[in-house]
Amino acid sequence: GPMPPTPCVPILLASFSDKHRRFAVLGAVLVTDLATVTEGNAVEEEAAKFYVAGVFKALNYVHEAEVVCRACTLDAVMLDNKGYPQLVDFALSKSVSNGRTHTLCGVADYLAPEQVKMSGHGIEADYWALGVFAFELMAGHSPWNPKKEEIAEMKIYKAITDYGVGEGAAKLPFPAEMSDDARTMIEELM
């Protein structure tokens, strides 16, 4: 049967489609997405922790149903009328009841190395994306593009696959003001 509701994933009341689009009627009053709130700037660490915790809770809820979200981005998380984060974009979601999928899809900056390599990924890819999400909230930029330049996806993919692999591996460009606790959380997610 249907899963019980959770505070950080709105209830789907109805859905419908036409030739070109799919629509969802959600049981939440959504105000804005986090990308609009941040406008490319870092948010206070306490606010970022609150948003990350809400998305973590939402991902755990989705994972209980053996579904990988693959859309954990600032654009895919909206704030409700009380300021709580709501994970709302499930267009790229897929059942992973067999544990792995090999589809390459999603926003380049948020892809896990196993997605880029197309070696098969499961729910752990969502936690990697949550690490990127947390980094972007607290730094104001992607870990793969600290100068916020227009760069090719292949350059982003190379940065992702170079990160944390082997001796002398690439490190994340943490801002000096980011706390050790925040850095540890991000590194543990990624």
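**Exercise 1. Look just past the ends of H4 and H2, and find the residue with a positive phi after each helix.**

Solution. Start with H4: just after this helix comes glycine 140, with a positive phi of about 85 degrees. Keep in mind that you're looking at a predicted model. Now go to the end of H2, where glutamate 66 takes a positive phi of about 60 degrees.

**Exercise 2. Check how the end-to-end reach of H4 compares with its expected span, then decide how enclosed H4 is.**

Solution. Step one: count 16 residues in H4. Step two: go from the first C-alpha to the last, which gives 23 Å, close to the 22 Å expected at 1.5 Å a residue. Step three: look at burial. Of the 16 residues of H4, 15 are buried, so the helix is largely enclosed by the rest of the structure.

**Exercise 3. Do the span check for H2, then work out which elements cover its buried residues.**

Solution. H2 runs over residues 45–64, which makes 20 residues. At 1.5 Å a residue these should span 28 Å, and the end C-alpha atoms are indeed 28 Å apart, so the two values agree. Next, pick out the buried residues of H2; among them are Ala48, Tyr51, Val52, Val55, Leu59 and His63. Finally, see what lies over them: the cover includes helices H1, H4 and H6 (180–189), along with strands E4 (67–68), E5 (77–80) and E6 (85–87).

**Exercise 4. Sort out the two sides of H5: which residues are buried, and which exposed ones sit on the face turned away?**

Solution. First a reminder about helices in general: an α-helix has 3.6 residues a turn, so residues three or four places apart point the same way. Now take H5, residues 153–162, where Ile156, Tyr157 and Ile160 are buried. Looking down the axis of H5, you'd find these buried residues within an arc of 100 degrees, so they line one face of the helix. They pack against H3 (113–116) and H4 (124–139). Turn to the face away from this buried side, and you meet the exposed residues Met154, Lys155 and Lys158.

**Exercise 5. Find the cavity of 30 Å³ or more, and describe what lines it.**

Solution. The count comes to one cavity of 30 Å³ or more. The largest cavity holds about 70 Å³ of space. Its lining is made up of 13 residues, and nearest the centre are Arg70, Ala71, Tyr110, Leu111 and Ala129. Which helix gives the largest share of this lining? That's H4, with three residues. Sorted by class, the lining of the largest cavity has eight nonpolar, three polar and two charged residues.

**Exercise 6. Now describe the second largest pocket: give its volume, its central residues and the classes in its lining.**

Solution. The volume of the second largest pocket is about 230 Å³. It is lined by 15 residues, and those closest to its centre are Asp109, Glu136, Ser142, Asn145 and Lys148. By class, this pocket's lining splits into four nonpolar, six polar and five charged residues.

**Exercise 7. Is leucine 189 buried or exposed, and what does it touch?**

Solution. Leucine 189 has its place in helix H6. Its relative accessibility is 18%, and the cut-off for buried is under 20%, so leucine 189 counts as buried. Setting aside residues up to four places away in sequence, leucine 189 touches Tyr127, Trp128, Leu130 and Gly131. Take tyrosine 127: it is 62 residues from leucine 189 along the chain, yet their C-alpha atoms are separated by 5.5 Å.

**Exercise 8. Place valine 37, glutamate 39 and methionine 118, and say how accessible each is.**

Solution. Valine 37 belongs to helix H1 (residues 34–38). At 39% relative accessibility, valine 37 counts as partly exposed. Beyond its neighbours within four places in sequence, valine 37 is in contact with Thr32 and Leu79.

Glutamate 39 sits in the loop between H1 and H2. Its relative accessible area is 66%, so glutamate 39 is exposed. Its phi is positive, near 45 degrees.

Methionine 118 lies in the loop between H3 and H4. At 46% relative accessibility, methionine 118 is partly exposed. Its phi is positive too, near 55 degrees.

Definitions and conventions. Residues are numbered from 1 along each chain as its sequence is written. This is a predicted model: local features need pLDDT of at least 70, side-chain atom pairs count only at pLDDT 80 or more; totals for chains, interfaces and linings use all residues. Side-chain values use heavy atoms; hydrogens and water are left out. Buried means under 20% relative accessible area, exposed over 50%, partly exposed in between (1.4 Å probe, protein chains only). Helices (H or I, at least four residues) and strands (E, at least two) are DSSP runs, numbered from the N terminus. The arc is that of the directions from the helix axis to the C-beta atoms. Contact means heavy atoms within 4.5 Å. On a 1 Å grid over the protein atoms alone, a cavity is a set of points where a 1.4 Å probe fits but cannot get out, and a pocket is an open set with protein on both sides within 12 Å along at least five of seven lines; lining residues have an atom within 4 Å of a point. Grid points are joined across faces, edges and corners, and a volume is the space filled by probe spheres set on the points. Ala, Val, Leu, Ile, Met, Phe, Trp, Tyr, Cys and Pro count as nonpolar, Asp, Glu, Lys and Arg as charged, and the others, Gly among them, as polar. The expected span of a helix is 1.5 Å times one less than its number of residues.
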